[in-house]
Amino acid sequence: MIQNDIAFSKAEDKISQYASEYFSFQSHSYDMHKAGGTIGHGGVISAMSEQEIIDDLSKAQEIVQNSEAFAYPFGDVTDEGKAAVKETDILCFHNELWQGKGWR
């Protein structure tokens, strides 16, 4: 987690450095873009509890300084993930449909 803390400390610096009225930074999670799950592409989200996902999303929101949008890592969506997105007041989300043959 130390490596993530360093990387995200740099992310916070970049967000401050490039702040603009013309665009905003959005969330792709704090630490969910990795393997470890059992659905879709095997993203770790499917191995996490709703509370773990909420904690991750909250940390990401703190860094990007908003809760407007979220892109599910690997496009993997679970019921716990949907509930966590709702609980953290994220306005919209994005995922891709995976048909086993490629992204659609």
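Biologist: Which residues make up the largest nonpolar core here, and how do I read "core" in the first place?

Modeller: A nonpolar core is a set of buried Ala, Val, Leu, Ile, Met, Phe, Trp, Tyr and Cys residues joined through side-chain atoms within 4.5 Å. Buried means under 20% relative accessible area, exposed is over 50%, and partly exposed is in between (1.4 Å probe, protein chains only). In this case the largest one has 12 residues in all: Met32, Val44, Ile45, Met48, Ile53, Ile54, Leu57, Phe70, Tyr72, Ala84, Val85 and Ile90. Helices α2 and α3 each supply at least two residues of this core, and α2 gives the most, with three. There's also a second, separate core of five residues, including Ile15, Tyr30, Ala60 and Val64.

Keep in mind that this is a predicted model: local features need pLDDT of at least 70, side-chain atom pairs count only at pLDDT 80 or more, and totals for chains, interfaces and linings use all residues. Residues are numbered from 1 along each chain as its sequence is written, and side-chain values use heavy atoms, with hydrogens and water left out.

Biologist: What does Ile45 touch?

Modeller: Contact means heavy atoms within 4.5 Å. Leaving aside residues up to four places away in sequence, Ile45 touches Met32, Ile53, Tyr72, Asp76, Thr78 and Gly81.

Biologist: At what angle do α2 and α3 pack?

Modeller: Two packed helices are described by the angle between their axes and the distance between the axes. Axes are lines fitted to C-alpha atoms, for helices over the stretch in contact, and angles run from 0 to 180 degrees between N-to-C directions. Helices (H or I, at least four residues) and strands (E, at least two) are DSSP runs, numbered from the N terminus. Here α2 (residues 50-64) and α3 (residues 79-87) pack at about 45 degrees, with axes 8 Å apart. That makes α2 oblique to α3; under 35 degrees is roughly parallel, over 145 roughly antiparallel, 65 to 115 roughly perpendicular, and the rest oblique.

Biologist: Which residues meet there?

Modeller: From α2, Glu50, Ile53, Ile54 and Leu57; from α3, Glu80, Gly81, Ala83, Ala84, Val85 and Glu87.

Biologist: Where do I find positive phi values in residues other than glycine?

Modeller: Look at Gln65 and Phe74, each with phi near 65 degrees. Gln65 sits in the loop between α2 and β1 (69-71), while Phe74 is in the loop between β1 and α3.

Biologist: Is Gln65 buried or exposed?

Modeller: Gln65 counts as exposed because its relative accessibility is 57%. Phe74, at 25%, counts as partly exposed.
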